[in-house]
Amino acid sequence: MFTKLLTDTPRPPNLLNGNVEPKGEGYRESLLRENATGADNQQERLKTVGWIVGFVDGEGCFSVTIQKATTATGWQVFPEFVVTQGEKSLSALRDLQEFFGCGKIFVNRRHDNHREHLYRFCVRSVANLRDKIIPFFRENQLRTAKRMDFEKFARILELMDERRHLNSEGLVEIANIAQTMNRKKPSRFLESSETTRQAPATQVKI
């Protein structure tokens, strides 16, 4: 049995018979260079990720607005991820756009006593917010109070995935979360007479 196994087991290639060239110093040096390059790339990515987290902690914003629209409920939910910079730092916004592979950059031209226009990197697509922005900040958590806004923002996107924004009750839930973000004023939607009429009556046990 043991003899048969030895006979049936394929022999390793003979490095001296000319069929396979030995992998010498050149191969090992090439492999070391590839490993070093991979490690360098990993370090660069970690630096980039750290820069993005710090940048968004300082200059980013996760916001949700509810505006009147020609929908069945008469309202529409607009989630948005925004980072704002002056014209001198426009290249930083382009770096963000390239990294995430989505979003647009808009200019807010200023004609007052400010010396430069403001630029905004915005991601408004629900698909991009769900598939790119939220997973990134789930994995690389913000370090300031902005993390709480992000968690609320992510929760609203989950409710939208569940199609809760398509009915009045779900809109009320979304509006209640949104108005606690970014020190916002009371929601126009919650203050509207339509909402007051549509909101279900609260039952109180006596």
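A residue is called buried here when its relative accessible area is under 20%, exposed when that area is over 50%, and partly exposed in between (1.4 Å probe, protein chains only). By that yardstick, 29% of the 206 residues in the chain are buried.

Two notes on the ground rules may help. This is a predicted model, in which local features need pLDDT of at least 70 and side-chain atom pairs count only at pLDDT 80 or more, while totals for chains, interfaces and linings use all residues. Residues are numbered from 1 along each chain as its sequence is written, and side-chain values use heavy atoms, with hydrogens and water left out.

**The chain as a whole**

The chain has eight helices and four strands. Here helices (H or I, at least four residues) and strands (E, at least two) are DSSP runs, numbered from the N terminus. Read from the N terminus, the order of elements is α-α-β-β-α-β-β-α-α-α-α-α. The accessible surface, from the Shrake-Rupley method with a 1.4 Å probe, comes to about 14500 Å², and carbon and sulfur atoms hold 51% of that surface. Contact means heavy atoms within 4.5 Å. Among contacts between residues at least 6 apart in sequence, 56% join residues at least 24 apart.

**Helix 4 and helix 5**

Two packed helices are described by the angle between their axes and the distance between the axes. For helix 4 (residues 126–139) and helix 5 (residues 146–161), the axes come within 11 Å and cross at roughly 140°. These axes are lines fitted to C-alpha atoms over the stretch in contact, and angles run from 0 to 180 degrees between N-to-C directions. From helix 4, V126, L129, R130, I134, F137 and R138 take part, and among their partners in helix 5 are F150, F153, A154 and L157. Sorted by class, this contact has nine nonpolar, no polar and five charged residues. Nonpolar covers Ala, Val, Leu, Ile, Met, Phe, Trp, Tyr, Cys and Pro; charged covers Asp, Glu, Lys and Arg; the others, Gly among them, are polar.

Helix 5 has 16 residues and reaches 23 Å from its first C-alpha to its last, close to the 22 Å expected at 1.5 Å a residue. That expected span is 1.5 Å times one less than the number of residues. Its buried residues include F150, F153, A154, L157 and M160.

**Four residues to look at**

| Residue | Place | Relative accessibility |
|---|---|---|
| S63 | strand 1 (residues 60–68) | 14%, buried |
| H117 | loop between strand 3 (104–108) and strand 4 (118–123) | 18%, buried |
| R120 | strand 4 | 27%, partly exposed |
| R163 | loop between helix 5 and helix 6 (168–178) | 56%, exposed |

What does S63 touch, leaving aside its neighbours within four places in sequence? Its contacts are F78, P79, E80, F153, M181 and N182. F153 is also one of the buried residues of helix 5.

With neighbours within four places again set aside, H117 is in contact with Q85, G86, E87, V107, N108, R109 and R110. R120, not counting residues up to four places away in sequence, touches E80, V82, V83, T84, L93, K104, I105 and F106. The C-alpha atoms of R120 and N108 are separated by 7.7 Å, with the two residues 12 apart along the chain.

R163 comes just after helix 5. Although R163 is not a glycine, it has a positive phi of about 65°.
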